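Biologist: Got a minute to go through this model with me? I'd like to pick out a few spots and then zoom out.

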Amino acid sequence: MPLELELCPGRWVGGKHPCFIIAEIGQNHQGDIDVAKRMIRTAKECGADCAKFQKSELEFKFNRKALERPYTSKHSWGKTYGEHKRHLEFSHDQYKELQSYAQEIGIFFTASGMDEPSVSERTHSVDQAGLDLKRSPCFCVPEFCD
(Lines give C-alpha, C1' and ligand atoms only; values in the text may rest on other atoms or scores of the structure.)
Protein backbone atom coordinates (compact mmCIF):
# COMPACT_ATOMS: atom_id res chain seq x y z
CA MET A 1 0.00 0.00 0.00
CA PRO A 2 1.57 3.35 -1.05
CA LEU A 3 2.30 5.79 1.76
CA GLU A 4 0.28 9.01 1.78
CA LEU A 5 0.69 12.14 3.88
CA GLU A 6 -1.43 15.27 4.21
CA LEU A 7 1.40 17.79 3.95
CA CYS A 8 -0.84 20.87 4.14
CA PRO A 9 -4.56 21.14 4.86
CA GLY A 10 -6.30 19.36 2.00
CA ARG A 11 -3.04 18.73 0.10
CA TRP A 12 -1.89 15.12 0.04
CA VAL A 13 1.35 13.66 -1.33
CA GLY A 14 2.34 10.06 -1.98
CA GLY A 15 0.33 7.28 -3.52
CA LYS A 16 -1.43 8.61 -6.60
CA HIS A 17 -1.26 12.24 -5.44
CA PRO A 18 1.01 14.64 -7.36
CA CYS A 19 4.29 15.88 -5.92
CA PHE A 20 4.26 19.06 -3.83
CA ILE A 21 6.19 21.88 -5.51
CA ILE A 22 7.76 24.57 -3.34
CA ALA A 23 8.94 27.82 -4.98
CA GLU A 24 11.97 28.98 -2.97
CA ILE A 25 11.76 32.77 -3.01
CA GLY A 26 14.14 33.19 -0.08
CA GLN A 27 15.24 36.82 -0.07
CA ASN A 28 15.22 37.28 -3.84
CA HIS A 29 12.50 39.92 -3.37
CA GLN A 30 15.22 42.50 -2.68
CA GLY A 31 13.34 43.76 0.37
CA ASP A 32 10.40 44.95 -1.75
CA ILE A 33 6.95 43.68 -0.73
CA ASP A 34 5.54 44.30 -4.23
CA VAL A 35 8.31 42.23 -5.81
CA ALA A 36 7.60 39.51 -3.24
CA LYS A 37 3.91 39.50 -4.19
CA ARG A 38 4.75 39.29 -7.88
CA MET A 39 7.03 36.34 -7.13
CA ILE A 40 4.24 34.61 -5.18
CA ARG A 41 1.83 35.14 -8.08
CA THR A 42 4.39 33.90 -10.60
CA ALA A 43 5.02 30.81 -8.48
CA LYS A 44 1.28 30.13 -8.45
CA GLU A 45 0.99 30.69 -12.22
CA CYS A 46 3.88 28.28 -12.82
CA GLY A 47 2.13 25.53 -10.86
CA ALA A 48 3.89 25.70 -7.50
CA ASP A 49 1.92 24.58 -4.45
CA CYS A 50 3.78 26.74 -1.92
CA ALA A 51 5.82 29.97 -1.86
CA LYS A 52 8.70 29.83 0.63
CA PHE A 53 10.65 32.72 2.13
CA GLN A 54 13.44 33.04 4.72
CA LYS A 55 13.21 34.83 8.07
CA SER A 56 16.14 35.86 10.27
CA GLU A 57 16.70 37.82 13.46
CA LEU A 58 20.01 39.34 12.44
CA GLU A 59 21.26 40.31 15.90
CA PHE A 60 20.84 36.68 16.94
CA LYS A 61 22.27 35.17 13.78
CA PHE A 62 25.33 37.46 13.42
CA ASN A 63 27.63 39.12 15.92
CA ARG A 64 28.05 42.90 15.98
CA LYS A 65 31.39 42.76 14.20
CA ALA A 66 29.87 40.88 11.26
CA LEU A 67 26.93 43.29 11.03
CA GLU A 68 29.18 46.36 11.15
CA ARG A 69 31.70 45.23 8.55
CA PRO A 70 31.76 47.25 5.32
CA TYR A 71 29.81 45.70 2.49
CA THR A 72 30.92 47.15 -0.82
CA SER A 73 29.39 44.75 -3.32
CA LYS A 74 27.71 46.43 -6.28
CA HIS A 75 24.60 44.50 -5.19
CA SER A 76 24.65 45.86 -1.63
CA TRP A 77 21.60 47.53 -0.12
CA GLY A 78 23.69 49.30 2.54
CA LYS A 79 27.17 50.42 3.54
CA THR A 80 27.53 47.60 6.07
CA TYR A 81 26.56 43.94 5.97
CA GLY A 82 23.99 44.66 8.68
CA GLU A 83 22.37 47.47 6.68
CA HIS A 84 22.29 45.22 3.63
CA LYS A 85 20.67 42.31 5.50
CA ARG A 86 18.17 44.57 7.34
CA HIS A 87 16.98 45.88 3.97
CA LEU A 88 16.16 42.32 2.90
CA GLU A 89 14.23 41.38 6.06
CA PHE A 90 10.48 41.80 6.17
CA SER A 91 8.72 42.73 9.40
CA HIS A 92 6.24 40.42 11.08
CA ASP A 93 3.38 42.52 9.68
CA GLN A 94 4.81 42.25 6.17
CA TYR A 95 4.99 38.45 6.52
CA LYS A 96 1.35 38.42 7.60
CA GLU A 97 0.51 40.55 4.55
CA LEU A 98 2.35 38.14 2.25
CA GLN A 99 0.64 35.18 3.88
CA SER A 100 -2.77 36.80 3.37
CA TYR A 101 -1.92 37.53 -0.24
CA ALA A 102 -0.83 33.94 -0.85
CA GLN A 103 -4.03 32.64 0.72
CA GLU A 104 -6.08 35.05 -1.40
CA ILE A 105 -4.60 33.72 -4.65
CA GLY A 106 -4.65 30.07 -3.56
CA ILE A 107 -1.04 29.10 -2.82
CA PHE A 108 0.39 27.84 0.46
CA PHE A 109 2.91 30.08 2.26
CA THR A 110 5.82 29.26 4.52
CA ALA A 111 9.07 30.83 5.71
CA SER A 112 12.23 29.10 6.88
CA GLY A 113 13.28 30.28 10.30
CA MET A 114 17.01 30.74 9.85
CA ASP A 115 17.67 31.02 13.59
CA GLU A 116 15.99 30.06 16.86
CA PRO A 117 14.03 33.30 17.49
CA SER A 118 12.70 33.27 13.92
CA VAL A 119 11.52 29.69 14.27
CA SER A 120 9.84 30.52 17.58
CA GLU A 121 8.15 33.68 16.20
CA ARG A 122 7.02 31.86 13.09
CA THR A 123 5.65 28.94 15.04
CA HIS A 124 3.70 31.04 17.52
CA SER A 125 2.38 33.97 15.55
CA VAL A 126 2.26 33.31 11.81
CA ASP A 127 -0.19 30.63 10.77
CA GLN A 128 1.81 28.07 8.85
CA ALA A 129 -0.04 26.12 6.22
CA GLY A 130 2.96 23.97 5.40
CA LEU A 131 5.89 22.25 6.97
CA ASP A 132 9.41 23.55 6.67
CA LEU A 133 11.27 20.27 6.46
CA LYS A 134 14.64 21.81 5.57
CA ARG A 135 15.02 23.65 8.87
CA SER A 136 13.26 21.21 11.15
CA PRO A 137 15.73 19.65 13.59
CA CYS A 138 13.97 16.32 13.24
CA PHE A 139 11.23 15.23 10.89
CA CYS A 140 10.06 11.69 11.13
CA VAL A 141 6.69 10.39 10.10
CA PRO A 142 6.46 6.93 11.71
CA GLU A 143 5.63 5.25 8.39
CA PHE A 144 8.84 6.65 6.84
CA CYS A 145 11.22 5.71 9.65
CA ASP A 146 12.88 2.38 10.34
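Biologist: Where is Q30 found?

Modeller: Q30 is in the loop between β3 and α1. Keep in mind that this is a predicted model.

Biologist: Is Q30 buried, exposed or partly exposed?

Modeller: Partly exposed, with a relative accessible area of 43%.

Biologist: And which residues does Q30 touch, not counting those up to four places away in sequence?

Modeller: W77, H87 and L88. As for L88, its C-alpha is 5.7 Å from that of Q30, though the two residues are 58 apart in sequence.

Biologist: OK, what do β3, α1 and β4 make together?

Modeller: A right-handed β-α-β unit, with α1 covering residues 33-45. β3 and β4 run parallel and are joined by four bridges.

Biologist: Which residue stands opposite F53 there?

Modeller: G26 is the one opposite F53 in β4.

Biologist: F53 is an aromatic, so let's go there. How many aromatic pairs does the count come to?

Modeller: Six aromatic pairs. One of them is F20 with F108, a tilted pair with 6.1 Å centre to centre and 40° between the planes.

Biologist: What does that pair tie together?

Modeller: F20 lies in the loop between β2 (11-14) and β3 (22-26), while F108 belongs to strand β5 (residues 108-113), so the pair links parts that are 88 residues apart in sequence.

Biologist: Is F20 buried or exposed?

Modeller: F20 is buried, as its relative accessible area is 16% and the cut-off for buried is under 20%.

Biologist: Back to F53, then. What kind of pair do F53 and F109 form?

Modeller: Another tilted one: the centres are 5.5 Å apart and the planes are at 35°. F53 is in strand β4 (residues 50-55) and F109 in strand β5, so this pair ties together parts 56 residues apart in sequence.

Biologist: Are F53 and F109 buried or exposed?

Modeller: F53 is buried, and F109 is too.

Biologist: Which residues form one aromatic cluster with F53 and F109?

Modeller: F90 and Y95 join them in that cluster.

Biologist: Different ring now. Which residue lies over the face of Y81?

Modeller: R69 does, at 4.6 Å from the centre of the Y81 ring.

Biologist: Let's jump to the start of the chain. In which sense do β1 and β2 pair?

Modeller: Antiparallel, over four bridges, with β1 spanning residues 4-8. In one bridge, C8 has R11 of β2 as its partner.

Biologist: What do β1 and β2 form, and how many residues are between them?

Modeller: A hairpin, with two residues between the strands. G10 sits in the turn and has a positive phi of about 80°.

Biologist: Zooming out: how many helices and strands does the chain have?

Modeller: Six helices and five strands. Following the sequence, the pattern reads β-β-β-α-β-α-α-α-α-β-α.

Biologist: What share of the residues count as buried?

Modeller: That's 40% of the 146 residues in the chain.

Biologist: And what does the accessible surface come to?

Modeller: About 9,200 Å², with 53% of it belonging to carbon and sulfur atoms.

Biologist: Last one, on contacts between residues at least 6 apart in sequence. What percentage of them join residues at least 24 apart?

Modeller: For the chain, 60% of those contacts do. The Q30 and L88 spot from earlier, 58 residues apart in sequence, is one place to look at in the viewer.

Methods. Residues numbered from 1 in each chain as written. Predicted model: local features only at pLDDT ≥ 70, side-chain atom pairs only at ≥ 80, totals over all residues. Heavy atoms only, no water. Phe/Tyr/Trp six-rings, centres within 6.5 Å; stacked < 30°, edge-to-face > 60°. Buried < 20%, exposed > 50% of the residue type's maximum accessible area, 1.4 Å probe, protein only. Lys NZ or Arg CZ within 6 Å of the ring centre and 35° of its normal. Pairing = 2+ DSSP bridges. Contact = heavy atoms within 4.5 Å. Areas by Shrake-Rupley, 256 points an atom, 1.4 Å probe, with all protein chains shown as cover. Right-handed = clockwise from strand over helix to strand, strands pointing away.
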